[in-house]
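Let us walk through a protein model, from its outer surface to a single side chain. Keep the sequence and the 3D view side by side as you read.

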Amino acid sequence: MIRLKYHGALPLAREFGERLGDALLPYCGRVNLRDGDGDGDHIGDGAPWLVPVPLAPARLAARGFNQAWELTRVAARRTQRPASARWLRRERATASQRGLTRDVRQRNLRDAFIASDRVRGRRIVLIDDVMTTGATCHAAARALKRAGAAHVLAAVVLRTPYSE
């Protein structure tokens, strides 16, 4: 995952995204996305939407891609479910979470995310690359729920051990 995230090894997103999509199939099921116009308004079966954890604009510009979005796009194709990188945004830049304690991570991310009202009543699969303490997923899920999401499931590719 380090090669994908920090060295731009984007082909790894395909491998990890497909595995993530396979793991999500029992939750997502399948739907034919060609029945609508691509905006998801015609998908009436309660299909969950896949939404990546967003990067701050400066970090996205420096990196050139959002690894969570790259994983989300592949997983969405694999599950044949809709995805949007516009339904959750980072309201403010935050310090890198690497090396921070659990409490500092939570404070660092407080009110960092804003969700679109398009999530109201929808099931959301929140996708990120790595989870250590869960602070990022928690803060993002909280924003989605505040905007009215009916259910949020966090899905990550890797879980790393955390010890203070």
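Start at the surface. About 8,900 Å² of the protein is exposed, and carbon and sulfur atoms supply 49% of that area. Such accessible areas come from the Shrake-Rupley method with a 1.4 Å probe; for residues, only the protein chains shown count as cover. This is a predicted model: local features need pLDDT of at least 70, side-chain atom pairs count only at pLDDT 80 or more, and totals for chains, interfaces and linings use all residues. Residues are numbered from 1 along each chain as its sequence is written, and side-chain values use heavy atoms, leaving out hydrogens and water.

Now the fold. The protein has six helices and five strands. Both are DSSP runs numbered from the N terminus: helices are H or I, at least four residues, and strands are E, at least two. Along the sequence, the order is α-α-β-α-α-β-α-β-β-α-β.

Next, the inside. Of the 164 residues, 45% are buried, meaning under 20% relative accessible area. Contacts (heavy atoms within 4.5 Å) link distant parts of the sequence. Among those between residues at least 6 apart, 75% join residues at least 24 apart.

Zoom in on T72. T72 sits in helix 4, residues 67–79. Is T72 buried or exposed? T72 is buried, because its relative accessible area is 0%. Leaving aside residues up to four places away in sequence, T72 touches L50, V51, P52, A83 and I127.

Finish at a ring. R123 lies over the face of Y27, 4.8 Å from the ring centre. For Arg, this requires CZ within 6 Å of the ring centre and within 35 degrees of the ring normal.

How values were computed
Buried < 20%, exposed > 50% of the residue type's maximum accessible area, 1.4 Å probe, protein only.
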